Amino acid sequence: MTFRPFRRSDFDILWKIDQECFPPGIAYSKHELSDYIQRRKSFTLVAETASDGRHPADPDVMPSGIMGFIIAEASSRGVGHIITVDVLPVARRTGTGSKLLAAAEDWLRAAKCFRVRLETAVDNIAALAFYNRHGYAKTGTIPHYYETGLDAYSLEKEL
Ligand SMILES: CC(C)(COP(=O)(O)OP(=O)(O)OC[C@H]1O[C@@H](n2cnc3c(N)ncnc32)[C@H](O)[C@@H]1OP(=O)(O)O)[C@@H](O)C(=O)NCCC(=O)NCCS
């Protein structure tokens, strides 16, 4: 797996990966995803393998070996935000999510963030285990955070 910054031509496959990683009502619309990626203080890192020309999320669209990505955003108050981290099911439990998260945390430190926060659905057991493994602690519950009515936990980590 190699890691590189987002390129505009990646957008469609990133959106399809997000659709595959999250259920309806939690996955981003194209507009939302595009907005997060284009924010002035956000950073998107892509994880990819050598491509055989077909992609598991959509073999018809384009040759791509992109297996995951992360979007992080810095703030002027020194608190960074992990907007999303997405790894396709075929590429999970091999350290890709951890490498994306570590790279995003490094980027936030370089952007003078001393803390990072994020939200995740209260029923997302894999994500909660993943963030716990990486030193994130629950700081509260946000009722009805998602448009489905599902609550989210807020989590934080000191950088
Ligand atoms: C959460 C997610 C990003 C993890 O990515 P990943 O590449 O599988 O993560 P890693 O391989 O780096 O896992 C690191 C550790 O996290 C924990 N972990 C990850 N997935 C887990 C799971 N399904 N169950 C329990 N623990 C898990 C484990 O401690 C794991 O270490 P181990 O494999 O040695 O036991 C991935 O499951 C995913 O994309 N899920 C859908 C999208 C999502 O929920 N994103 C997070 C919310 S924003």
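Is Lys112 buried or exposed, and how many C-beta neighbours does Lys112 have inside 10 Å? The legends below, written for a predicted model, take up this residue together with the ligand shell and His144.

**View 1. Lys112 in the loop between helix 3 and strand 5.** Lys112 lies in the loop that runs between helix 3 and strand 5 (115-121), and its phi is near 70°, a positive value in a residue other than glycine. Because 12 C-beta neighbours are found inside 10 Å, Lys112 counts as exposed, the cut-off for that class being 12 or fewer.

**View 2. His144 in the loop between strand 6 and strand 7.** The loop between strand 6 (137-142) and strand 7 (152-158) holds His144, another residue other than glycine with a positive phi, here near 55°. With 10 other C-beta atoms within 10 Å, His144 is exposed.

**View 3. Residues that come nearest to the ligand.** The ligand has 20 residues around it, of which Arg92, Gly97, Ser98, Ala126 and Ala129 come nearest.

**View 4. Elements that supply the shell around the ligand.** Strand 4 (79-87), helix 3 (96-110) and helix 4 (125-133) each contribute at least two residues to the shell around the ligand, and the largest share, five residues, comes from helix 4.

**View 5. Classes of residue in the shell around the ligand.** Sorted by class, the shell around the ligand contains eight nonpolar residues, eight polar residues and four charged residues.

Terms used. Residues numbered from 1 in each chain as written. Predicted model: local features only at pLDDT ≥ 70, side-chain atom pairs only at ≥ 80, totals over all residues. Near = placed C-beta within 6 Å. Helix = DSSP H or I, 4+ residues; strand = E, 2+ residues; numbered from the N terminus. Nonpolar A, V, L, I, M, F, W, Y, C, P; charged D, E, K, R; others polar. Buried ≥ 20, exposed ≤ 12 C-beta atoms within 10 Å, placed from the backbone.
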